Amino acid sequence: MITTDSYIPTPAKLVEVIDETPTIKTLVLAPAEPMSFKAGQFIQLTLPGVGEGPFTPSSSPSRPDRIAITILRTGTVTERLHQCRPGDVLGLRGPYGKGYPVDKLAGREVLVVGGGVGLAPLRALILALLDDLGPIKRLSIRYGARGMEELLFRREYDQWASRPKVDMRVTIDSPQSGWNGNTGVVTTLLKNLDMTLPQCVAFLCGPGIMLQFATQALESEGLRPDQIYLSMNRRMSCGMGLCGRCNIGPYYLCKDGPDMNYAMIKDAPNVF
Amino acid sequence: MTGQYLPREKLAEALADERCLWSAAGEQASPCETIAGLTKPRSSLSPKGWLYPSLQSVGRYGDGPTSPPAEAQAPRAIVGLRACELAALKYLDKMLLDGPFQEPLYQSRRKSAVLVSTDCAAAAPTCFCTSVGGLPFAADGYDVNLSPVEGGFIVDAATDRGRAWLASAGLDCAAATAEQLAQRDRTRRAATEAVGGQNRSTGLQAVQGQSLGLPDDADPAWQRYAADCVECGACTNICPTCYCFYLYDQALGPKLFERIRTWDSCLLGTYHRMAGTTPNMKPTPRPRLRSRLANRVLHKFTYAPAQCGLLGCVGCGRCIEACLGAIDIRQVAGELRQ
């Protein structure tokens, strides 16, 4: 029996809408069937009759019954998603993609670098690692946003940093009254890294320009390309490696990513 | 069954029994037209449009009857496939059926159809299969192959499915004579020489499964060809191996929606375009037409061998015929290879 179910979303009720920043909301969804996923895998979120888009959950993979999707308002579909209210029924397909190589991080120093809404998928990784910090040596989080009001998940930073092995540094682009922390883009937090470089694995997510400069910064600190994972964004339609549009060279991000080892794509044009 | 002879009129009788689903002479072709088509150059349309329709419902969701009518499909034959089209199916099988997810609608039609191929007795002016590791007759990939000879065809049934189709069509063949077999070989040699001859000057000679060294899609060299492109998408639509698609939803009622899969084209500006308008959010990785044209050619000659071990171009030359800007992929790939 051939079925086309893989193209059709499973209903998911919106149970909570969290205003994170003036431009970012988190939609918490309860799918009709729990949807197990690995940190870094993405889902296709359908707003019925409006459109569908790929998003990596920002919630812990330990809760497949309650999936949080953190969305920056940036286009037609995300504008409408921001208007959704608890009780609305949306749709989910997936999960798709490889996910972060969490099981290969034993003994490593993990560096998480986020920019803006890029902290959303990284939060799933952070939460998965916080669930069991035993195998890894260290978790360092470096995060930058345009301003104080755009700092995502800011109520959680102290809790993350209070855990053993974890340190977190945050910056905003330019000085602001009431802000005593670092200023400057996130790459300013990547200079003179106090990490054991050969053991380091870095996971980056953010706008293209941030990925570009953060990658350059890490390389000049001495990280090899194969120690850097980039969360790549390309237009996607199917999520299943069939529709063709999310390619970087021969790789389909939906199938081979969306987090790509930089060594695999560094020679391709238009990466950033 | 190999080396059997089938007179033309017997095949015509069998095809009259509506066993032919798609014919190289056209989807609605009569048996006579189908048989006449077997000795002509490959048709202007490939069977991609039947196996993988350009616009198709993939299902419904919401409140209401969500099951569209099931597609009833008895095994029937695709008649008149050429070696290039079998190569295209081999490639589509890899790209659409061999990954972690299978394209269900292609799979359904692909698996139910009996593939009846034919040797090319004549080449279209744009045919260049011999430049991309192919030949104008098939060595494998078919259920039944028909080689045109005087008065009929030499029949080669390669699979049980092919033999069953011949039997169900009542096609009992006689042994071919040595002269008929020799005629088949002469026709094959002549067609191979004809295709090779008309492409000697293009400079394109790709080896099956190997990447052709081409500049990357940021290289300005592609501009020479992109200047003639009008972004119509004809090349990708007509191509027997282009499979890119886009999903969109349409409302059937206030709360009932249908999801449609439609062919898409990597040449179009909307193909890669993402949401986001700020300078930090690059809305498309290939804003230039030349990069998108490069992406198509690179997919065929560089990415496809890396993805699945096969070239993505089968040398049918349809994109050359269809192009409004007279862009010739033989020339593009031949001139830019490094």
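How many residues of chain A are in contact with chain B, and how many of chain B with chain A? In this predicted model, select both chains and display the interface: 34 residues of chain A meet 40 residues of chain B. Colour the chain A side by class, and it divides into 13 nonpolar, 16 polar and five charged residues.

**Chain A, by domain**

Hide chain B and split chain A into domain 1, residues 5–95, and domain 2, residues 102–231. Their C-alpha centres are 24 Å apart. The contact between them draws 16 residues from domain 1 of chain A and 14 residues from domain 2 of chain A. On the domain 1 side, the classes are six nonpolar, nine polar and one charged.

**The core**

Bring chain B back and select V112(A), A202(A), L204(A) and V116(B). These four touch the most other members of the largest nonpolar core, which has 172 residues. Helix 4 of chain B, residues 83–97, supplies the largest share of this core, ten residues.

Now centre on V112(A). Beyond residues up to four places away in sequence, V112(A) touches L122(A), L125(A), I126(A), L139(A), S140(A), I141(A) and F203(A). As a general point, nonpolar side chains in soluble globular proteins tend to be buried together.

**Chain B as a whole**

Show chain B alone as a cartoon; twelve helices and ten strands make up its secondary structure. Its radius of gyration is 22 Å, close to the 20 Å from the globule rule for 338 residues, so chain B is as compact as a globular protein of that length. Along the principal axes, the C-alpha atoms of chain B fill a box of roughly 75 × 60 × 35 Å. Of the 338 residues of chain B, 48% are buried. Among contacts in chain B between residues at least 6 apart in sequence, 76% link residues at least 24 apart.

**Chain B, by domain**

Colour residues 4–201 of chain B as domain 1 and residues 220–336 as domain 2. The C-alpha centres of these two domains lie 26 Å apart. Their contact involves 36 residues from domain 1 of chain B and 27 residues from domain 2 of chain B. On the domain 1 side, strand 3 (55–62) and helix 4 of chain B are the elements that give two or more residues. Helix 4 of chain B gives the most, with ten residues. By class, the domain 1 side holds 16 nonpolar, 13 polar and seven charged residues.

**Strand 2 and S23(B)**

Select S23(B), in strand 2 (residues 20–23) of chain B. Is S23(B) buried or exposed? S23(B) counts as buried because it has 26 C-beta neighbours inside 10 Å, where 20 or more are required. Outside its neighbours within four places in sequence, S23(B) is in contact with A29(B), T34(B), G37(B), V79(B) and G80(B). For a distance check, pick A191(B), 168 residues from S23(B) along the chain; their C-alpha atoms are separated by 21 Å.

**Helix 12**

Finish at helix 12 of chain B, residues 329–336, where I329(B), R330(B), V332(B), A333(B) and L336(B) are buried. Look down the axis of helix 12 of chain B: the buried residues fall within an arc of 165°, so they line one face of the helix. In general, an α-helix has 3.6 residues a turn, so residues three or four places apart point the same way. To see what covers the buried residues of helix 12 of chain B, add helix 8 (223–226), helix 10 (289–308) and helix 11 (318–322) of chain B, which are included in that cover.

Definitions and conventions:
Residues are numbered from 1 along each chain as its sequence is written. Chains are lettered from A and ligands numbered from 1 in the order in which they are written. This is a predicted model: local features need pLDDT of at least 70, side-chain atom pairs count only at pLDDT 80 or more; totals for chains, interfaces and linings use all residues. Two residues are in contact if their C-beta atoms, placed from the backbone, lie within 7 Å. Ala, Val, Leu, Ile, Met, Phe, Trp, Tyr, Cys and Pro count as nonpolar, Asp, Glu, Lys and Arg as charged, and the others, Gly among them, as polar. Domain bounds come from an automatic or database domain assignment. A nonpolar core is a set of buried Ala, Val, Leu, Ile, Met, Phe, Trp, Tyr and Cys residues joined through C-beta atoms within 7 Å. A residue is buried if 20 or more other C-beta atoms lie within 10 Å of its own, exposed if 12 or fewer, and partly exposed in between; C-beta atoms are placed from the backbone. Helices (H or I, at least four residues) and strands (E, at least two) are DSSP runs, numbered from the N terminus. The arc is that of the directions from the helix axis to the C-beta atoms. The radius of gyration is taken over C-alpha atoms; the globule rule is 2.2 Å times the number of residues to the power 0.38.
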